[in-house]
Amino acid sequence: MGKINRLDEHLSNMIAAGEVVERPMGIVKELVENCMDAQAKHIEIQILQGGIDTITIIDDGVGMDQEDAQIAFERHATSKLKEINDLWNIHTMGFRGEALPSIASVSNVVLRTNNGEESTEVEINYGELKDVKPCGTPKGTMIQVKNLFQKTPARFKHLKSPQYEFSLISDVVQKFALSHPEIGFTLSHDGKQIFQTRGNGKLLEVLMQIYGRETAKTAISLDGKDLDYHITGYIMQPNFNRATKYYMLLYINGRMIRNYHLQKSVIDAYAPYMPKDRFPIVVINIEMDAQLVDVNVHPSKWEIRLSKEKQLEKLIYQTITEALRYDLEVPTINIKKEKQPKVELQEMQFTYERDQSVKELHDEVNHSFVKPQESNIEEALVKSIENKQSNHTNYIEKTPVIEMKEKESVYKTEELIQPQKKENDFSVQSMQEEKENYSKIMENKIKEEEVVNNNISDEKETMESNEDIQKNTITKDLQEETINLQITNEEEHEKPKNPSLPQLRVIGQLHNCYIIAEGDKGLYIIDQHAAQERYHYEVIRDKILAGKNDTQPLLIPLTIETTVSAVTQLKELNQAMKYIGIQLESFGETTLLCRELPSWMQEIEEKEFIQDMIDVWEKDKEISLEKFRKHAIATMACHSSIRFNRNLTLEEMKRVIEDLGKCEQPFHCPHGRPTLICIEDKDLIHDFERG
C-alpha cells in the first residue's frame, strides 16, 4: 500500500492559511488589497476585539456577480492572471488566489457583493459552503470574518491581546493610506473611529495625520529617476527619528515591501545626520517596469526580488543625500506651553454699612484691580521707560504739567466724593460755590504754568544751540565708524557654503560649553565641540579624498587572518585598496601581511579596520572610501577640536561660526549629533507673555 496521500481541498486550504493568515492583521492586508484591485475609492475597516471576534471590510468597488462570488472561494481562483506570461508582468496587489479560501477555512465568512446589476450573499463556515442567495446591498463588496481560529486551537492560542492585535491592524492600514493617498480609509475598533483619510491624493496630509503637524511641515520631497526607476515620496528631517527601522516605508509600484538592502541605502544616506542606533522616517514609492520585479516569492507578498537591485540602491542613496544636503533645517526646541493658573484678586470687604454713592465708588476701585488688563498696563510701562530715558531738560519741562495733572486728579477725586455728602451736609448752592472756587484755582494755575514754560523755553533754546554743535561733531565721527564697520563686516561675514545655514551673530558663551548667537528665526545655541568637529572632519576628509595618502612604514608588520578566498584574490583586493594607501602581501593560506599604513589611520584600530574592509570587499567586490574612512576621520576630528568646559574669547567664538559656514553639511557632527539648535522668536514671545 502506498504511503503518499492526496490531501483534500479543505486540509490544503488550512495548511496554506498558516502562511497567508498568521493573525488578524494578515486577513486585513489581503482583503484590503482585494478592495484596491476592485478599484475602490473608499474602504471602511471595522474591527471588534482586535479582529479576533469580527473583521468587517466594506468597499465601493466594481463588485461581483453570483458566479464570481462563489468561485472566488475556490483554491487558486483569481481574476488577475490568465496565462503564464501574466505572472512576470503583475500590476495588481493580489494574484495567487489563496487568500479567500484560506481565510474561509479557519473562520466564518459572509460575503455580500453588488456589481451594479445583481446582489449576492455567500456564507462559508470553516471551509463549508452554507448558503448562496440574493440580497440587498450597495454597489461594492462587504466581507465579514468572524470567530477566527475557533476550530484551530493550536493557532488560536498564539494570538495576543485584542489591543496588541489591533495595533498591528492599525499599522498596516496606515501603511496602505500612505501608499494610496487617493483612496479614503476609515478604521474603527469596537465601534469607535480611530483613523480616517479623505482620499484626496495629498500624501502630505496623510503624513500629518499619522506623524503630526511638526513632523510633516518640515518633510522633504523626493524626486529622483534613471532609465529604470522613478523615486517619489517624502523624507523627514533627521531630528525626527525613531529607535526602530519600522518607520522606513518602501513601496514598489504601490505595494508595501520589506527589503534589507534598500533599507540599508536609506540608513547610509542618513548616517552623517543621525546618532547611532536611531532611524529615520521615510515614505518612498518606487515606480518601475513590473517585469523587473518578482513578487511571487512568499504567499504574504512582503518579500520581492529585483533584477537591478544595486542600481536601485545607488539611486535611493543619491536621491536622499541630495535632498538632505539642500533642504536641512536647524532643529528647534519644542517648548512645552503649560497653562498658567488664573490668579483672582480678592475684593476688599467692609464691615460697616455704606450708602449707595460710597458703594459705587468702592466697586469702581475693586473693578480696576480685578481686571488689570483693561487699564492697558503695557502702555503705562512703556511710557515710564521713555520718561526715564529722556534728558534733564525734557524732565524739567514736563514737571509743571505733571504737578498740574496730579492736582487736577485731586480735585476730580473731591468732585466724585462730594455728591455722596449732598444729602447730609451740603446743599445745591454750596456745590455751585465749590465749583466756582475750583475754576478760579485752575485759571491761576494755568497762568503760573505759562510763566514757567516761557522761562524754560528760553533756557532750552540756549542748551539746544550748544547741543547741536556737539551732535554734528559726533554724527560725523559715527558715520566714519559705521562705514569702517560695514567694510569689516562684509569681509568677516562670508556667505555660508550651505544656503540653509542662517547668518549668525555671536552674543556670548554659556557654561564654557555652548556659544549663544542670534539669527533670523531667533536664538541659536551652538555646541562648540560638535561644530569644530564637523569642520575638522570635512577638512581632513577633503585632503584624503584628494589623494594625499602619506604612508608610514611599520616596525612590526600587521598580520591579518582572513579567508582562503581573499588570499587567492589578493591582486584584485590590492587593486581596490590602493586608493586608500594600503597594500597587502600573502603570508600563508589564510594570512595577509601589511608593512605600511596611511598616516590618517594612527587614531584607530588598524587591524580590525583592515579586516572589515576585506570582509566588505568579498561581499560587494568594491570598497567605499567615504564609508570606511568616516570612522577614522571622525576620530581624528574629535581629538583635534575644541573641548567642552573651555572658555573662549569673542574672536574664537566667531571663528567657530565662520568655520561652520565653510562646511557642506554644518548641521550635524560626524557622529550624527546636532551642532546647533534654535529657540524661535514665537516661543520666546509666548513665554514672556508678549503675544
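Here is a walk through a predicted model, going from a sheet and its helices to a hairpin and then to some salt bridges.

Let's start with the sheet. Eight strands make it up, and it is open, with mixed pairing and the order β5-β4-β3-β6-β2-β1-β7-β8. At the edges sit β5 (128–134) and β8 (192–196), each of which pairs on one side only. Going from one strand to the next, the twist averages 15°. As a reminder, strands of a sheet pair through backbone hydrogen bonds, either parallel or antiparallel. For an antiparallel case, look at β7 (residues 184–189) and β8, which are joined by four bridges. If you want a landmark there, L187 stands opposite F195 in β8.

Now for the helices on this sheet. Helix α2 (residues 24–37) packs on it and touches β1 (42–48), β2 (54–59), β6 (140–146) and β7, with a direction at about 15° to that of β2. Helix α6 (residues 162–179) lies across β1, β7 and β8, and runs at about 170° to β7.

From α6 we can step over to helix α7. The two pack at an angle of about 155°, and their axes are 9 Å apart. Angles over 145 degrees count as roughly antiparallel, so that is how α6 sits relative to α7. On the α6 side the contact is made by Q174, A177 and L178, and on the α7 side by L203, V206, L207, I210 and Y211. Sort those residues by class and you get seven nonpolar, one polar and no charged. Helix α7 itself spans residues 203–211, and its buried residues are L203, E205, V206, L207, I210 and Y211. Just after α7 comes G212, with a positive phi of about 100°.

Further along the chain is a hairpin, built from β9 and β10 with three residues between them. Strand β9 (residues 220–225) shows a neat alternation: I220, L222 and G224 point to one face and are buried, whereas S221, D223 and K225 point to the other and are not. Its partner β10 covers residues 229–235, and the two strands pair in the antiparallel sense over six bridges. Within that pairing, G224 stands opposite I231 in β10.

The hairpin loop also leads us to the salt bridges, of which the whole structure has 16. Side chains of opposite charge can pair when their charged atoms come close. One such pair is D228 with K308, whose closest N and O atoms are 3.0 Å apart. This pair links distant parts of the chain, 80 residues apart: D228 is in the loop between β9 and β10, and K308 is in the loop between β17 (305–306) and α10 (309–327). D228 counts as partly exposed because its relative accessibility is 22%, and K308 counts as partly exposed at 33%.

Other salt bridges stay within one helix. In α10, E322 and R325 are three residues apart, about one turn of the helix, and their closest N and O atoms are 3.9 Å apart. E322 is partly exposed at 40% relative accessible area, and R325 is partly exposed at 32%.

Helix α20 (residues 650–661) holds another pair, R655 and D659, four residues apart or about one turn. Their side chains meet at 3.2 Å, N to O. With a relative accessible area of 46%, R655 is partly exposed, while D659, at 4%, is buried. The pair also belongs to a network of salt bridges that links R655, D659 and K662.

Methods: Residues are numbered from 1 along each chain as its sequence is written. This is a predicted model: local features need pLDDT of at least 70, side-chain atom pairs count only at pLDDT 80 or more; totals for chains, interfaces and linings use all residues. Side-chain values use heavy atoms; hydrogens and water are left out. Two strands pair if DSSP finds at least two bridges between them. Axes are lines fitted to C-alpha atoms, for helices over the stretch in contact, and angles run from 0 to 180 degrees between N-to-C directions. Contact means heavy atoms within 4.5 Å. Buried means under 20% relative accessible area, exposed over 50%, partly exposed in between (1.4 Å probe, protein chains only). Angles under 35 degrees count as roughly parallel, over 145 as roughly antiparallel, 65 to 115 as roughly perpendicular and the rest as oblique. Ala, Val, Leu, Ile, Met, Phe, Trp, Tyr, Cys and Pro count as nonpolar, Asp, Glu, Lys and Arg as charged, and the others, Gly among them, as polar. A salt bridge is a side-chain nitrogen of Lys or Arg within 4 Å of a carboxyl oxygen of Asp or Glu.
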